[in-house]
Amino acid sequence: MSHLRVDLRQRAEELVALYPRPRSAMLPLLHLVQEQDGYVSPEGIDEVAELTGTTPADVRGTASFYDMFHLEPVGRYVVGVCTNIACLLAGGEELLAHAARHLDCAVGSTTDDGLFTLEETECLADCGHAPCVTVNHRYVRTTTAEAFDAMIDEVRSGRRDHEIPDHGTLVRVRRNGGLRVPDEVIAAERAAAKAARARRLEEAG
Amino acid sequence: MTETRTTVTVTVNGRAVAAAPGELLIDVAERAGTYIPRFCYHPRMEPVGVCRMCLVEVEGPRGATLQPACYQHVNDGMVVTTDSPKVKKAQEGVLEFLLANHPLDCPVCDKGGECPLQDQALTHGPGETRFVEEKRHFVKPIEIGPLVLLDRERCIQCARCTRFAAEVAGDTEIAFAGRGDQIEVAPSPEHPFTSVFSGNTVQICPVGALTATPYRFAARPWDLEQVESTCTQCAVGCRLAVQSSGNRLTRVLGVDSDPVNHGWLCDKGRFTLDAIDGHEGSRDPLDPSSRITSPLVRRDGTLVEATWGEALARAAELLGAARAHDGGVGVIGGAALTNESAYAWARVAREVLGTEHVDAQYGDGLDARRVLALPGATIDDACAARVVVTLCGDPREELPVLFLRLRGALARRGHDLVELAVGPSALHPLATVSIPVRPGEAHRVIDALADEGRAPADLALDEDARARARELLGDGEGVVVVAGRTNLAEDPAVVERALTRLAEALPRARFLVASRRGNVRGAIDAGLAPGLRPGRVLGAGGRDTLAQLAALREGAQRAVLVLGDLLGNVLDRAGAAAALERADVVAVTGHGGATLAHADVVLPAAVQHERTGTVTNLEGRVTAVVPKIVAPGAAWPDVAIAAELARALGAELAMDSVEDAARAYEVSTGYPALTVLLDATSEGRLAGSASAPAPRRPLDPMAFPGIRSAAWVGLGESAGDVAESAPPLAVPPLAAPALADLGPAPSPEVPGRDAYGLALRVAPRLYDHGVAVAGSPALAALVGPTEARLHPGDLDRLGLDTGGRLLVRGAGRTLELTVARDAQVPRGVLEVAFGALGDGGEDVNALADPDAVITQVKVEAR
Amino acid sequence: MAVLDAPRIVTSRLAYEDSHTLARYLATGGYAALRKALSLHPEQVAAEVDQASLLGRGGAGFPAGRKWSMLRPSEVAYLVVNGDESEPATFKDHLLVERDPHQLVEGVIIAAYALQVNRAFIYLRGEFALGLERVQAAVNEAYDHGALGRNVFGSGFSLDVVVHPGAGAYICGEETALLEGLEGKRGFPRIKPPFFPAAQGLYGEPTVVNNVETMSNLPWIVLNGGAAFAALGAGRSTGTRLFALAGRVNRPGVYEVEMVKNTFRDLIYDPAFGGGVPGDRPVKAFIPGGVSAPWFGPDQLDLPLGQDEVGAQGSMLGSGSVVVLDDTSCAVRAAWRITKFFSRESCGQCTPCREGSGWIERAMYRLEHGGGRVEDLDLLLDLCDNIAPGLTWPPQQTTICVLGPSIPSSVHAAIEMFKDEFLAHVETQGCPFD
């Protein structure tokens, strides 16, 4: 029995088919699990292990290397506030402290209503709008305490759902079809190109 | 170790050192006497260069740079400095970093006293710590598997254990989790570390992060004494260091034997110590966890303690009376004994009891004469083979370290595996071709592989697989067949015929016979087999074990001398019990067991780690076993029991010591028993082979921490060193039977398949109900659930999934069993584990018809 | 005075709101370079890139043309684009993938053609949710447009491109760690040798790994010729380069700047770029090329923005990020925060980096937040020395990858440049800037 929903299972199998080796699909598959379960669940780990030909310990160990994968349930919205150098110089620490007060939740934990998880992040590469704030990896560009509070209100009320989907980086990333160039085409083309290059070298003396 | 070709010169600290191109600098320097400190490097695993302790200066185009010696492949002209101030500072810096977060709990740490980190810190470390920060904290310790505890605070992230799991055992049940200084070793919480090799991670852990539950707080290294010996739990013959504190076995550790185990052990061999010591409180001779400490004689239906004199007299009386009858006595068992004991008993059987009815196997092996006649291969041969063919049970369950060696070789070298898949096998993922083989079909599948024509349709062979296999096998050049008994509920004639045909069809192929039991090969060589005299000499045939049991039931045989646990090991327990019940039974054993319910006399024997002698592994390699503890109570070594029993029967074996027996064996047959017993310089020698004995390798203290720190005593104390070789004896060449002398293997009459039934496969598992497991609480907890394994297609047909219940009818009995889905079980087969017990304690073996070539069972979903 | 007359090579479309769409891309000359490239022999395309002296824009600055020439001939080879931009204060690739994804895709196809590689992977930082959407959409459009898939534009050359999402690990910007991530493993940088993925890369096959900005330069180079590109800038540092300017400046942002012709002062002060420091405070220090780079002081403001020019002064242009500290910025806090970053992002393989980064971070934390001791300064320098022996530039290292020797850069520079500030922290047992 597949733990992934039918549609996600199909996407998962399509992802595996994009790579020369199934294990390469590990990170996208873990994103998919997170998209369905809100975190990298034990059942999801088992399924990724099966899809990638690895073991649950291996999948869990791999997932735990990457910050975006949560091995424990998190809030519906993961709010990240950057305090790295550019944001530090722009008041990132102060904004993070404000966020903790406003959400009434310690950094690294989840609000009692399960809506928000607050994280201190490393640089998110949006230093032109420091301090950088993201919600479910969407840049919200609220650099002041007031703007932050207003944004939280909007997210809480659902008014930002069109731009900030629930978990999952890949929710809106859809590849249009699988690979188009089979291995035998690659082999034939490479052989032809090699021959053409040899001819050119010969002609060039 | 194979001779390396020396062609390059490396300069280490100004000295020229010869090396093979591509050798690792850390090894080259060590050989030249320059030991470079290390933590993550292990000579039996691929280097990863992560601990950075082995940084040395290597000259390069941009001047001398710090490089990890474990990851530098030497080339000609390489200039290396290992003792410069820069190197010293780098190494001391690494050590200081490793100690920064390491807890200061050495006094309560099991590794204390044998800890490489502690040793390095004492030799190279700074006197005082500069680390004033709060140390990293984890909950400690956590149980990551049934036998292994993890203390994450002590871990130095060397990745030895995780690499062992992934690279050596091939089951990544533990892996690194987290990142940076939060890295930890972790199993998946839902799937604990249950590998049958888990103890190896404890052994190679360079700190006290991994500890073995059974050894925890058991002893301090400085209280331990050790000997080097050979494990006899299975026929691989792993070399090990046996350690004890006083007369109590404490721990065994794998010793790196190049031709055999590379330092690895399975958990059964490692953790069965409790079974050897026995449960002190248990006096019940029927309980496998009891040690037999006194001779017992049955009086008024009850076994009571007796003196040796009384017991020997009674045994002689029973056996002597039976001897008078034609064919009245037989000997069963002996596969767990030393070669010298087996030889002594073989002499007793033939010369004193005058019988040819001797068989060390319990009906669970193959015809000894045919096994010996096959062209032999060593484990190294199999690992080097271009193509490995398996026609055997799951090697991980039956001969675990053989599996490790084969898996490692196949995975690393990319050689081909042709799997004749009789059931689930841990080698399956590495198979190039896998051909399902159902019970009763092995010889016909071999015919189909050997012959060009179309395969019979009823075999349902995949034509592509067959063609690929034929192509890989060729004429057998570079092919090694790993062959064993594939199904205990199948007449061994099926596999014997298959192997004979394979040997004919592939004249250049060689065979590694995967006999399972501890010293079965040695017992056969010593003459404990029907039709074989000591030293592999063909003799008159006699009854094998099953024939003896039948003769006992029919009254054609009157008495039997049982050397071991017959009832625990025979498929048809009820039939065997009935046979023993009618017979006069003299049992020689160190352990209690069901067999003793039928014994008239019980003679207590010393067991593994209590006795001296030699054993022979499945390749035919003879190694020494050395006692570490004294057998409890009045137990004697088997050689002494055999000699005294012979005396009681009026004969003189002239074997007052094991050395006497070894000398007699060697001088009369050429078997290198005494040579090996007296030679501590080699890793054993192949009996009957012209090749030189494998020389002993020195042990790297970092690779084998616990071994280097305990004191060696007695025989075998030279592990890692080189001692004087024993003088050669004048001995005749060793005999060997030839296939041609044996005639064609009979073709078994296999009944047609019943379209509604399933063929039964009974296969042994590592954690079974035998003495070694049952007597060890740590291992007894690991015996898997009793289940019937079926191919998914068959389960679907029955409308069942894993966990469903199935009524199975076979041999006139009906059992209800839980089913498990297993795509590696061939279609049409129902597989159960040998000796498994049903819900009500019924023996699943009883489903097998002991007289049939194969057993077909009827099934019905509940 | 800043030199502003160079053409916009990679930012020409950013004025358009819909710069990420195929329609806009085609309307602004998109995919013309690819058609031109396909009309040339692959080695001619490679020769143009070689002539352009296009230095890799990821951080190491290795010439792309030379990297390509090192690709080991093999039946299977791969092109991998490094879009895992994670060096703190570096946000130029982020801009390119969100705002001009087709330019990247066209560059990838050109590179693949020049290298005769039929399978390419674009590894994008997982946090770039919108960037992933945009690049995947561009790839989809490119397939539909005939620029990807079998027989690209009827040329007989075929290419599949797979967009691969990362998942949050700075170290995966290191090219061998990136390949591990692409193989579905923990992002542990691979031990060297092999030194170059061009010999042994993805799945052990020869692989070229190039940065997003490097790829994005290719359409212009093909259309205008390598010589035109090389005519910009000076010396080895040719063309324009994106600089991500952050910290204490009035106009933080990404600017395309002709190399060498402009200086750090131009970048920070010119109204077209940073527009100076808020409140006209003095520049106290600046980091010239990402937080792995040693810091510069005000006396280096007039250094030209050139790879070798900066290298000669003991630092690097690195990832193209410039962070400005003014006299209100605490050097100890800045160095501590950077160390905290490295400590969090150390992969954990090598002892000196794993344990050293955490130790240095905790000691720096004490200095900044109270609990500092005078002897901590020597201790810190010695710990740094145990990670990067000699504290030289370019650094020596005791670790597998360069994350290790990046740790000391800030701490060492801060202690050397602002020792008094450290002592003031010890004196007050806290931060004087609070």
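Begin by selecting chain B together with chain C, whose contact takes 36 residues from chain B and 37 residues from chain C; keep in mind throughout that this is a predicted model. The area buried between chain B and chain C is about 3000 Å², and carbon and sulfur atoms give 52% of it. On the chain B side, pick out B:Phe97, B:Arg130 and B:Arg179, which supply 26% of the area that chain B buries against chain C, more than any other three residues.

Next, show the charged pairs of this interface, where the rule finds 7 salt bridges between chain B and chain C. One to display is C:Arg366 with B:Glu133, a salt bridge in which the closest N and O atoms are 2.8 Å apart. If polar contacts are drawn as well, the count between chain B and chain C is 22 residue pairs, with both residues at pLDDT 80 or more. Colouring chain B by secondary structure then brings out strand E4 (63-68), helix H2 (85-100) and strand E8 (174-177), each of which supplies at least two residues of the side that touches chain C. Of the elements of chain B, H2(B) gives the most to that side, with 8 residues. Coloured by residue class, the side of chain B that touches chain C divides into 18 nonpolar, 7 polar and 11 charged residues.

Now select chain B alone, whose secondary structure comes to 28 helices and 37 strands. Its C-alpha trace spans about 85 × 65 × 55 Å along the principal axes, and its radius of gyration of 28 Å agrees with the value near 29 Å that a compact globule of 862 residues would have. Of those 862 residues, 63% count as buried, and among contacts between residues at least 6 apart in sequence, 70% join residues at least 24 apart.

Within chain B, centre the view on B:Gln557, which lies in the loop between helix H18 (545-554) and strand E25 (559-563). B:Gln557 has a relative accessible area of 3%, and it therefore counts as buried, the cut-off being under 20%. With its side chain shown as sticks, B:Gln557 can be seen to make a polar contact with the side chain of B:Gln548 at 3.0 Å, while the side chain of B:Gln557 also reaches the backbone oxygen of B:Ala559 at 3.1 Å.

Move on to chain C and chain A, where the contact takes 80 residues from chain C and 57 residues from chain A. These two chains bury about 5700 Å² between them, 54% of it on carbon and sulfur atoms. Across this interface the rule finds 36 residue pairs in polar contact, both at pLDDT 80 or more, as well as 9 salt bridges. Among the salt bridges is that of C:Arg344 with A:Glu122, whose closest N and O atoms are 3.4 Å apart. Helix H14 (residues 331-345) of chain C gives the most to the side of chain C that touches chain A, with 9 residues, and the residues of that side divide into 39 nonpolar, 20 polar and 21 charged.

Finish by isolating chain A, which has 8 helices and 4 strands, running α-α-α-α-β-α-α-β-β-β-α-α from the N terminus on. Its C-alpha trace spans about 70 × 50 × 30 Å along the principal axes, and its radius of gyration is 22 Å, whereas a compact globule of 205 residues would have one near 17 Å. Buried residues make up 57% of the 205 residues in chain A.

Methods:
Residues numbered from 1 in each chain as written. Chains lettered and ligands numbered in written order. Heavy atoms only, no water. Contact = heavy atoms within 4.5 Å. Buried area = accessible area lost by both parts, 1.4 Å probe. Salt bridge = Lys/Arg side-chain N within 4 Å of Asp/Glu carboxyl O. Polar contact = N/O pair within 3.5 Å; in protein donor to acceptor, adjacent residues only side chain to side chain. Nonpolar A, V, L, I, M, F, W, Y, C, P; charged D, E, K, R; others polar. Rg over C-alpha atoms; globule rule 2.2 N^0.38 Å. Buried < 20%, exposed > 50% of the residue type's maximum accessible area, 1.4 Å probe, protein only.
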